[in-house]
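Grab the coordinates and work through these short exercises. Each one has a solution you can check step by step.

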Amino acid sequence: AVAIVENERFDLILMDVNMPYLDGYAVTKMIRLQEENIGIHTPIIAMTAYALTGDKEKCIAAGMDDYISKPIDFKELLKLIDHWLECTRKKHKK
């Protein structure tokens with residue numbers, strides 16, 4: 001994922017927090033470091049089975065923009081996607 005983001009641009013990233021080898025927190029931090037070097041910011045929405053108090057804050061602290069817990073409510077996911085894509089569109093219009 002890190003190598004792909006380094007070479008391609010995306011409107012939004014859905015990041016699974018629990019992945020083998022590198023978790024979503026580490027991958028997000030690596031993506032944010034890459035973005036700092038080129039001056040962009042891609043919205044990242046965390047997708048996780050964790051739904052405890054503080055989990056959303058942990059995702060935000062790792063550099064993710066938002067959070068949705070599993071099982072995924074697709075209406076809620078679409079709302080989040082629409083919100084972050086609209087934020088990106090507004091930023092690019094300036």
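**Exercise 1.** Work out how α2 sits against the sheet.

Solution. Helix α2 lies across β1 and β2 (contact means heavy atoms within 4.5 Å), running at about 145° to β1. That angle is taken between N-to-C directions, from 0 to 180 degrees, with axes fitted to C-alpha atoms, for helices over the stretch in contact. Helices (H or I, at least four residues) and strands (E, at least two) are DSSP runs, numbered from the N terminus.

A word on the input: this is a predicted model, where local features need pLDDT of at least 70 and side-chain atom pairs count only at pLDDT 80 or more, while totals for chains, interfaces and linings use all residues. Residues are numbered from 1 along each chain as its sequence is written, and side-chain values use heavy atoms, leaving out hydrogens and water.

**Exercise 2.** Find the salt-bridge partners of R32 and say whether they're buried or exposed.

Solution. First, the criterion: a side-chain nitrogen of Lys or Arg within 4 Å of a carboxyl oxygen of Asp or Glu. R32 bridges to E35, with the closest N and O atoms 2.6 Å apart; the two are separated by about one helical turn because they're three residues apart in α2. Next, R32 meets D65 at 2.8 Å, N to O. D65 sits in the loop between α3 (55–61) and β3, so this pair ties together parts 33 residues apart in sequence. Finally, check burial (under 20% relative accessible area; exposed is over 50%, partly exposed in between; 1.4 Å probe, protein chains only): E35 is buried at 3%, and D65 is buried at 17%.
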